[in-house]
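The exercises below are meant to be worked through with the sequence and the 3D structure at hand. Try each task before reading the solution that follows.

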Amino acid sequence: MDKLKLAIIGLSHVHAQLFFKQFSKYENEIEWLGCADVEPYDEEKVNDKLAKNMPRLTPPKIFKDYKELLDLKPDIAIVCTDIKDHGRIAVECLERNIHTIVEKPMATSYEDALMMAESSKKSGAELIINWPVAWSGSFRKAYELLKEGKIGKPYRFNYRSPATTGPYPVSDYPESELKEMWWYKRERGGGVIYDYAGYGCTIATWFFGKRANKVTAMAKNFSLGFADVDDYSAYTIDFGDSMAMIEASWCTITSGEVPTGPCIYGEKGCIICDRYSDEVKVYTSFRATTPDEVYKVEDFNEDIALHTINHFKYGKPLHLTMTPEFNLDSVAALDAGIRSIESGKTEETAR
């Protein structure tokens, strides 16, 4: 098979550089057609965005109009716009029968996510959503142990975002510049909820294997006085016979010794892992303070690039978390939480 022809559409997301770096490792399998920004919603010019989101990298050819780039008929379009534009741009790519990869989360609302999924069904192209945590060896091992029944029936699930102050070090930029970034604009999908609460909703949905029933959520803006977004949120998610508790933060400089999780508690014990650890610990003794089993996990030998290449060129199935069907379930929990924050009430997920 010929090389896969790739294009990056949108340059506003910091993960644009991760896509470019990861796919560029497989130059015998892919060819870059170019990159292009979509209509800007801030004061940044294309070269400024490239400097910020692709530092120390030589990007592919820059197109002034992303439609001209799509006219070249890439095999895969990688959407790195702000989150609000995921739906609009993904549907445009899918309607051209271009396979489309969208950076997490799928969309800012369940309605947009459903529109994207339906567009994919009508298209001759596939829609893929990238969740970087899908490539965590520790998370994969924890999921495997849970499904093996290592702790019996799961009751509850905890996940906390890692210590971070957001996509950029806030202290490195003047407030006037931060105000213009989409990350700090609610209407464009900015804020910690879409960034990190989305991770928690996705991992919990993945581990429990079903759509949540309802969500109760709260959010605060502790440190971003210049913005209308939140830098902390807490979700309590009801899965019927199990529950998940999710914390998302852009205002935590250290987590001390508290693991990010996922931490899964069940009838026979608990499974504990951390986003930055290569160990998965299992506790099954009553009131155990040291693990009964420790699994050392090797580096995962696959990333979004290799997985996508293997899928389109060699027929390997997509990982569950990359599919639009799964992501509709994840977005349903994220969306219900946003509605709960707005209403002050527990909100049911879309069905």
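A residue is called buried when its relative accessible area is under 20%, and exposed when that area is over 50%. The model used here is a predicted one.

**Exercise 1.** Decide whether alanine 134 is buried or exposed, and find which residues alanine 134 is in contact with, leaving aside its neighbours within four places in sequence.

*Solution.* Begin by placing the residue: alanine 134 belongs to the loop between E6 and H6. Next, take its relative accessible area, which is 2%; because the cut-off for a buried residue is under 20%, alanine 134 counts as buried. Then look for its contacts, and once the neighbours within four places in sequence are set aside, these are Arg140, His319 and Thr321. Finally, compare positions along the chain and in space: tryptophan 182 is 48 residues apart from alanine 134 in sequence, and the C-alpha atoms of the two are separated by 25 Å.

**Exercise 2.** Work out the order of the strands in the open sheet of 6 strands, and explain which strands stand at the edges.

*Solution.* Strands of a sheet pair through backbone hydrogen bonds, in either a parallel or an antiparallel way. Start with E1 (residues 4–9), which pairs with E2 in the parallel sense over 6 bridges, with isoleucine 8 opposite cysteine 35 in E2. On the way from E1 to E2 the chain passes through helix H1 (residues 16–24), and this β-α-β crossover is right-handed. Continue from E2 to E3 (residues 62–63): these two strands run parallel and are joined by 2 bridges, and alanine 36 faces phenylalanine 63 in E3. Return to E1, which is also joined by 4 bridges to the parallel strand E4 (residues 76–79), where alanine 7 stands opposite alanine 77 and isoleucine 8 has isoleucine 78 as its bridge partner. E4 is in turn joined to E5 by 4 bridges, again running parallel, and isoleucine 78 has isoleucine 101 as its partner in E5. E4, helix H4 (residues 86–95) and E5 together form a right-handed β-α-β unit. The full order is therefore E3-E2-E1-E4-E5-E6, with parallel pairing. E3 and E6 (127–130) each have a single partner strand, so one side of each is left without a neighbour in the sheet.

**Exercise 3.** Explain why E2 is largely enclosed by the rest of the structure, and find which residues of E4 point one way and which the other way.

*Solution.* For E2 (residues 30–36), count the buried residues: they number 6 of the 7, so the strand is largely enclosed by the rest of the structure. A helix also lies across this part of the sheet, for H1 lies across E1, E2, E4, E5 and E6, and runs at about 160° to E2. For E4, recall that in a regular strand the side chains alternate between the two faces of the sheet. Ile76 and Ile78 point one way, Ala77 and Val79 point the other way, and all are buried.

**Exercise 4.** Describe how helices H6 and H8 cross, and state which residues meet there.

*Solution.* Two packed helices are described by the distance and the angle between their axes. For H6 (residues 137–147) and H8 (residues 192–208), the axes come within 10 Å and cross at roughly 35°, and the crossing is right-handed. From H6, Phe139, Arg140, Ala142, Tyr143, Leu146 and Lys147 meet Ile203, Trp206, Phe207 and Phe208 of H8. Sorted by class, this contact has 8 nonpolar, no polar and 2 charged residues.

Technical notes. Residues are numbered from 1 along each chain as its sequence is written. This is a predicted model: local features need pLDDT of at least 70, side-chain atom pairs count only at pLDDT 80 or more; totals for chains, interfaces and linings use all residues. Side-chain values use heavy atoms; hydrogens and water are left out. Axes are lines fitted to C-alpha atoms, for helices over the stretch in contact, and angles run from 0 to 180 degrees between N-to-C directions. A crossing is left-handed if the near helix is turned anticlockwise from the far one by less than a right angle, and right-handed if clockwise. Contact means heavy atoms within 4.5 Å. Ala, Val, Leu, Ile, Met, Phe, Trp, Tyr, Cys and Pro count as nonpolar, Asp, Glu, Lys and Arg as charged, and the others, Gly among them, as polar. Buried means under 20% relative accessible area, exposed over 50%, partly exposed in between (1.4 Å probe, protein chains only). Two strands pair if DSSP finds at least two bridges between them. A crossover is right-handed if, with the strands pointing away from the viewer, the path from the first strand over the helix to the second runs clockwise.
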